[in-house]
Structures are given as structure tokens and as C-alpha cells.
Amino acid sequence: DTSELNSPIHEYLSAGSFNVRLVVTSQPYGIVKDTIQSVLVSEIPKVAFTVLNKCEGIAVDFLNKSTIGSGTLTYDWNFGDGSANSTATDPNHLYAITGGYKVTLKAKANGCISTLTKSAYTFAQPVANFSVPAGKFCTDNEVQFSNLSTLKDGSMGQLWDFTDGSEATVENPNHAFVAPGTFPVKLTAISEFGCTDIAVKN
């Protein structure tokens, strides 16, 4: 490409070393002078990363997949929650509050920077709890269990294990034990994002 501008701007589409020639012609005598200088164009990093979202209380993992043809990559992570940035290659970060955050990774090499922003999520953790009527129960008599589990955000399901070979997924089940004994009942509360908590009572 050529230009007749006094101070041109040119975009190189690939990295490498390029010889730039400047030709000057004086007016009105037509004297021609030229000079050649090399311009070194560095490769822009290809920035990429994967987010492994987690449940409340567990650090979110970030897997860096950035690449560069030549040179050494350095990184700057902004986790979107006002905390200090990280220069680690594959950091993890514990969010104090559940929700979504905009995470930005800047990859730098040879003076060139590339930036990518993605969303990261910390999902609310359910708190499993249930109640059983007080007293003793006879075999074959139904016992009513009341689900008292809570979840700050979203919806959840449940899995009841009566430890007698029976299970239930309804919110507030009735269950009859056919044999005498003490049975520890386990309730697993499960959020829509797979976060779980367990409560066990006799």
C-alpha cells in the first residue's frame, strides 16, 4: 500500500517486520530523496477463558485459554466485585454475595493487549431443615414430615431418604414405617443449579 498523506496511519493485518519507504520530492526543483525504516508489528494475543460457576461459599474457578504465537503472556483479572485484581494465570475467586458478576481478563504480550469479558455466577446455597411430630410412632402409621428448607434465590427441590429402603421427592411427605426401630431420616435440599444441603434427624 502507498499513501500521499503527510502523516499517514496504516493498519497491518498481520504481525512481522515491515520496511517502510518514505520518498520526498522537493518543489520546485524536483530533487528526490528517500529513506527506509523497519516497523515491527507484534501479534495481538488471542484471549479466551472458561468460567466454572460455583455454589455459595465455594470459590469460582477461571480456566485461562489465552494464546500467543511468540512472546510471554501476562494477565490482569478483574472479578467485577470491587476486589483486588489478580495476575494469576488460572485464578479462583470467592464472592461474598450470591449473584452474577462481569469478569474481565486482559492478556498482554509484546506491548499488545486483548480484552475479554464474561459473566460469572455464585449460586445461592439451600439450607435443609425439616420437622417431625413429637412422640413415638407405631408401625404402619403414617408420619407427616414438614419441609422447612430455605433458599435465598431461585427454586429448589428435595429428596427424602427414610433409611428403610424408601425415598420421596414431594415437599411434605407422609411415610409409614413397616418395621419397628429408629430410623435417621435424611432430607437433601437441591437448588435449580445443583447446590445441595443435607439435614438428618431421628
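The chain holds 0 helices and 17 strands, where helices (H or I, at least four residues) and strands (E, at least two) are DSSP runs numbered from the N terminus. The structure is a predicted model, in which local features need pLDDT of at least 70 and side-chain atom pairs count only at pLDDT 80 or more, whereas totals for chains, interfaces and linings use all residues. Residues are numbered from 1 along each chain as its sequence is written, and side-chain values use heavy atoms, with hydrogens and water left out.

With respect to overall dimensions, the C-alpha trace spans about 115 × 25 × 25 Å along its principal axes. The radius of gyration of the chain is 32 Å, while a compact globule of 202 residues would have a value near 17 Å; this radius is taken over C-alpha atoms, and the globule rule is 2.2 Å times the number of residues to the power 0.38. Of the 202 residues, 27% are buried, a term that denotes under 20% relative accessible area, with exposed meaning over 50% and partly exposed the range in between (1.4 Å probe, protein chains only). The chain exposes about 13100 Å², of which carbon and sulfur atoms supply 51%, as computed by the Shrake-Rupley method with a 1.4 Å probe. Among contacts (heavy atoms within 4.5 Å) with a separation of 6 or more, 51% join residues 24 or more positions apart.

Strand 1 (residues 16-25) and strand 2 run antiparallel and are joined by 10 bridges, two strands being treated as paired if DSSP finds at least two bridges between them. The two strands form a hairpin with 6 residues between them, and G30 in the turn has a positive phi of about 75°. Within this pairing, F18 has V39 of strand 2 as its bridge partner. Strand 2 (residues 32-41) lies largely in the open, because the number of buried residues among its 10 is 1.

An open sheet of 3 strands follows the order 3-5-7 with antiparallel pairing. Its edges are formed by strand 3 (49-52) and strand 7 (92-93), each of which pairs on one side only. Strand 3 pairs with strand 5 (residues 60-64) in the antiparallel sense over 4 bridges, and T50 stands opposite L63 in strand 5.

A further open sheet comprises 4 strands in the order 4-9-8-6, with mixed pairing. Strand 4 (54-55) and strand 6 (74-78) stand at its edges with a single partner strand each, so one side of each is left without a neighbour in the sheet. Strand 6 and strand 8 (residues 99-109) are paired in the antiparallel sense over 5 bridges, with N78 opposite T104 in strand 8. Strand 9 (residues 112-123) contains I113, whose C-alpha atom is separated by 32 Å from that of F123, 10 residues apart along the chain. When residues up to four places away in sequence are not counted, I113 touches I44, P45, K106, A107 and K108.

Outside the strands, L148 is placed in the loop between strand 12 (146-147) and strand 13 (156-161), and it counts as partly exposed at 42% relative accessibility. Residues up to four places away in sequence again being set aside, L148 touches N129, F130 and S131. L148 and A189, which are 41 residues apart in sequence, have a C-alpha to C-alpha distance of 10.0 Å.
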